[in-house]
Each structure stands twice: as structure tokens, then as C-alpha cells.
Amino acid sequence: MTLSRAAASLSAPDYFLMHRVNRWRPPRWIRIWMLAATRAGDGWLWWCCGIAVESSGNSSKAYALAAAAAFKILKRAVGRKRPCATTPHCWANLLPPDQFSFPSGHSITAFAVAISLGTFYPPAMPVLLFCAASIAASRVLLGMHFLSDVVAGSGLGAALGYAAALLFGA
């Protein structure tokens with residue numbers, strides 16, 4: 001089996017799901033939730049969390065901000081095109097932040113921050129994980145990423161968040 005055939009067979013489930021999502025007409029509340037979640041994942045939600053942590057007097061610095069550089073390098077190296085670049089999305093018209101899809105930077109950041117902050121503030125963990133999962137789901141439902149991009153990004157972000165929590169002594 002050639003490399004291109006192997007890549008095509010690995011990508012087939014992603015394309016199948018993408019076409020199913022593009023044909024689905026979700027209820028208005030789901031569309032609003034997904035648009036709000038993806039906008040929250042643009043960074044302002046995590047900046048608000050950071051300001052809250054700093055203003056609480058806790059200087060733990062629990063953020064896994066090194067993820068930003070890592071995912072940009074990985075995206076360029078893999079070079080996978082976004083779903084919205086191959087097939088237009090039927091109900092969301094968002095502009096992607098860059099041209100590459102794998103891995104999802106929104107998912108990396110969401111899970112890195114959620115896991116690291118949730119480790120330091122255990123009562124907030126369910127809310128943080130709900131926000132992170134919403135952001136990750138929104139990236140697939142809005143046609144910005146394939147499911148495998150989001151799964152890989154979420155796993156990488158969770159690992160980075162856990163490593164940051166260990167590094168900063170949670």
C-alpha cells in the first residue's frame with residue numbers, strides 16, 4: 001500500500017463525517033451554542049480565566065501557553081487542508097484563522113487550559129471541561145476541522161495541561 005492510499009483510507013471516516021455534518025440542519029440553539037463556543041475559544045475566555053487567577057492572588061501560572069508555538073509548527077509540517085477549504089459548509093460562514101487543519105489549535109488550547117486550571121481549582125473542573133468540549137465540538141460542527149484534528153488536539157492539549165499542572169506543583 002502506498003503512502004497516499006494509506007492516508008486516503010485513514011481520512012475516509014473524516015470525510016464521511018464532514019459530509020454528514022454539512023448536510024445536517026441543526027436547531028437554532030445548537031448553531032448559536034457552537035458559534036459562541038468557537039468564538040470563546042478564540043482566546044478571550046482563557047484571557048478572562050487568566051485575569052481571574054491573577055487577581056485571586058494565586059501565582060501558580062498554570063497555563064500551557066507553549067502549546068501555541070507547538071501547534072503552529074505541527075500544522076505547517078502536516079499541511080492538511082481544512083474541511084471548509086475542500087467543501088463549503090452549509091450553515092456557518094466563518095473564516096478560518098489559517099489554512100491548515102491538523103491539529104486543532106482551539107482544542108489544544110481549550111484542553112490545556114481546562115486541565116491545568118481544573119487541577120488547581122477542582123470544583124471548576126466540570127465547567128472548564130464542558131467549555132473545552134464545547135469548543136472542540138464547535139470546530140467540527142462549523143466545518144473548521146475534521147474529527148481527527150479535534151481528537152488529536154484535545155489529547156495533546158490535555159497532556160500539555162497535565163504537564164503544566166505537574167510542573168507548577170498542583
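Visitor: What makes up the area that the chain exposes?

Guide: In this predicted model, the chain exposes about 9200 Å², and carbon and sulfur atoms supply 71% of that area.

Visitor: How many of the residues are buried, and what makes a residue count as such?

Guide: A residue is called buried because its relative accessible area is under 20%. By that criterion, buried residues make up 42% of the 170 residues in the chain.

Visitor: What secondary structure does the chain have?

Guide: The chain has 8 helices and 0 strands, and along the sequence the pattern reads α-α-α-α-α-α-α-α.

Visitor: Why are helices α6 and α7 called roughly antiparallel?

Guide: Helix α6 (residues 105-120) and helix α7 (residues 125-141) pack at an angle of about 175 degrees, with axes 9 Å apart. Angles over 145 degrees count as roughly antiparallel, and α6 and α7 are therefore described in that way.

Visitor: Which residues of α6 and α7 meet, and of what class are they?

Guide: Among them, Ala110, Phe111, Ala114 and Ile115 in α6 meet residues of α7 that include Leu128, Leu129, Ala132 and Arg139. By class, this contact of α6 with α7 has 12 nonpolar, 4 polar and 1 charged residues.

Visitor: How do you know where the predictor's confidence is lowest and highest among the elements?

Guide: The mean pLDDT values show it: helix α4 (residues 67-78) has the lowest, at 65, and α7 the highest, at 90. For the chain, the mean pLDDT is 75, and 69% of the residues reach 70 or more.

Visitor: Over which residues does pLDDT stay under 50?

Guide: That holds for residues 59-64, for which the model has 23 contacts beyond four places in sequence.

Conventions. Residues are numbered from 1 along each chain as its sequence is written. This is a predicted model: local features need pLDDT of at least 70, side-chain atom pairs count only at pLDDT 80 or more; totals for chains, interfaces and linings use all residues. Side-chain values use heavy atoms; hydrogens and water are left out. Axes are lines fitted to C-alpha atoms, for helices over the stretch in contact, and angles run from 0 to 180 degrees between N-to-C directions. Helices (H or I, at least four residues) and strands (E, at least two) are DSSP runs, numbered from the N terminus. Angles under 35 degrees count as roughly parallel, over 145 as roughly antiparallel, 65 to 115 as roughly perpendicular and the rest as oblique. Contact means heavy atoms within 4.5 Å. Ala, Val, Leu, Ile, Met, Phe, Trp, Tyr, Cys and Pro count as nonpolar, Asp, Glu, Lys and Arg as charged, and the others, Gly among them, as polar. Buried means under 20% relative accessible area, exposed over 50%, partly exposed in between (1.4 Å probe, protein chains only). Accessible areas come from the Shrake-Rupley method with a 1.4 Å probe; for residues, only the protein chains shown count as cover. pLDDT is the predictor's confidence in each residue, from 0 to 100.
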